[in-house]
Amino acid sequence: MKIKNDLFLRACKKEKVERTPIWIMRQAGRYLPQYRAVREKADFLTMCKTPELAAEVSIQPVDLIGVDAAIIFSDILVIPEAMGMHLEMHEGKGPIFHHPIRSEDDAKMLKDIDPTKDLKYVLDAVALTKKELKGRVPLIGFAGSPFTLLTYMVEGRGSKNFSEIKKLLYGNPKLAHSLLNKIAKAVAIYLSAKIEAGANAVQIFDTWGGILTPDDFREFSLNYISKIISELKRKDEPVIVFAKGVHYKLKKLSKCGADVIGLDWTMDLKSVREKIGKRVALQGNLDPTVLYADESKIREEAKKVLASYGKGSGHIFNLGHGILPDVNPENAKALVRIVKEESMIFHSKN
Ligand code: CP3
């Protein structure tokens with residue numbers, strides 16, 4: 001089916017657009033009362049595993065906020081769950097694995113996955129969301145990077161100093177690499193299956209890449225991201241890599257095979273564009289907490305982001321990380337309207 005509003009896909013390929021497209025990381029989530037209403041009836045994992053519910057909340061931000069792309073409602077941790085780890089989502093505490101992977105014996109318990117069986121519910125959700133979107137906007141599929149997934153699998157929960165994952169990297173790098181290989185294989189076939197099911201683009205979230213030294217980032221994270229991208233079965237579906245806090249390896253990052261690099265708000269779009277903007281498109285990077293401000297401040301900050309990228313295609317507006325659950329949805333809506341209004345002047349008419 002032809003996509004009516006394909007600004008996002010064109011910008012990913014640095015093709016000409018009339019205005020800058022915008023979507024918001026974590027746009028299908030708790031800041032929306034309409035999401036919370038669905039969530040009251042089902043727990044988080046049940047929502048992920050029920051295609052009708054996943055499709056409903058994936059489409060909500062398109063209807064309510066006006067974004068230029070939908071992202072499939074799911075979580076990065078469905079892969080470790082499919083590999084056999086028991087996942088619990090705790091309100092306030094986030095995800096917990098009660099039996100984290102810390103030894104070779106623990107690692108043996110992880111099975112190889114077949115996404116068409118073990119993660120069929122995600123593929124069904126993608127197909128149903130695609131159908132219900134009726135070609136209004138593109139649909140983004142996603143996965144965690146192998147390193148970010150391994151961090152959760154080893155730590156067992158969110159962490160402050162990441163001592164368990166670092167113990168593994170420095171104490172038993174051989175085991176770390178064998179686990180990263182196994183996860184990378186799973187992510188590559190999973191993302192390929194999502195594209196096959198109808199995703200128009202995919203994003204790899206490397207939320208924890210930035211906790212590593214520059215050399216370790218290359219060895220334990222970037223190498224596996226590149227491997228996944230080279231193994232993806234895709235036609236012209238763009239790949240976005242969002243690696244939070246990885247300002248020190250931008251040149252290397254831009255050569256991983258991604259079409260788009262997502263930036264957090266600590267980076268300056270103008271200087272990043274000068275460095276890598278010839279090779280890749282850029283996504284980002286408004287500080288998510290700007291959405292706590294009033295509309296005039298949101299406008300001022302959004303204009304700064306647009307001006308920092310400057311004229312021409314190759315920019316997808318987004319926040320520098322996920323939208324926070326206590327943001328007023330009216331402010332998210334205002335941001336989308338502001339970007340639509342203020343970005344036209346950065347794109348020439350002919
Ligand atoms: O972007 C979207 O709207 C699509 C859905 C999406 C979710 N998680 C839904 C979710 C996406 C893309 C993710 C990715 C994800 N999940 C990441 C990478 C992105 C990032 O923010 O860095 C990570 C690290 C996770 C792991 C995860 N899942 C955490 C840490 C948490 C708890 C913290 C939190 O934000 O609540 C989750 C739960 C989760 N994933 C929720 C949602 C809507 C909240 C669950 C609920 O409704 O109770």
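How far is the sulfur of C256 from the closest cysteine sulfur, and in which residue does that sulfur lie? Select C256 and C12: the two sulfurs are 14 Å apart, too far for a bond.

This is a predicted model, in which local features need pLDDT of at least 70 and side-chain atom pairs count only at pLDDT 80 or more, while totals for chains, interfaces and linings use all residues. Residues are numbered from 1 along each chain as its sequence is written, and side-chain values use heavy atoms, with hydrogens and water left out.

**Cysteines.** Across the whole structure, a search finds zero disulfides (pairs of cysteine sulfur atoms within 2.5 Å). C256 is buried at 5% relative accessibility, where buried means under 20% relative accessible area, exposed over 50% and partly exposed in between, with a 1.4 Å probe and protein chains only. Select C48 next; C48 is also buried, at 2%.

**Helix α16.** Now select residues 329-342, the 14 residues of α16 (helices are DSSP runs of H or I, at least four residues, and strands runs of E, at least two, numbered from the N terminus). Among the buried residues of α16 are L335, V336 and I338. To see what covers the buried residues, add elements including β8 (281-286), α15 (295-309) and β9 (315-319).

**The ligand.** Finally, select the ligand and the 21 residues that surround it (each with a heavy atom within 4 Å). R30, Y35, D75, T207 and H321 are the closest. A polar side-chain atom of D75 lies 2.7 Å from a ligand nitrogen atom, and one of R39 lies 2.9 Å from a ligand oxygen atom.

Key:
The expected span of a helix is 1.5 Å times one less than its number of residues. Contact means heavy atoms within 4.5 Å. A polar contact is a pair of N or O atoms within 3.5 Å; within protein, one must be able to donate a hydrogen and the other to accept it, and residues adjacent in sequence count only if both atoms are side-chain atoms.
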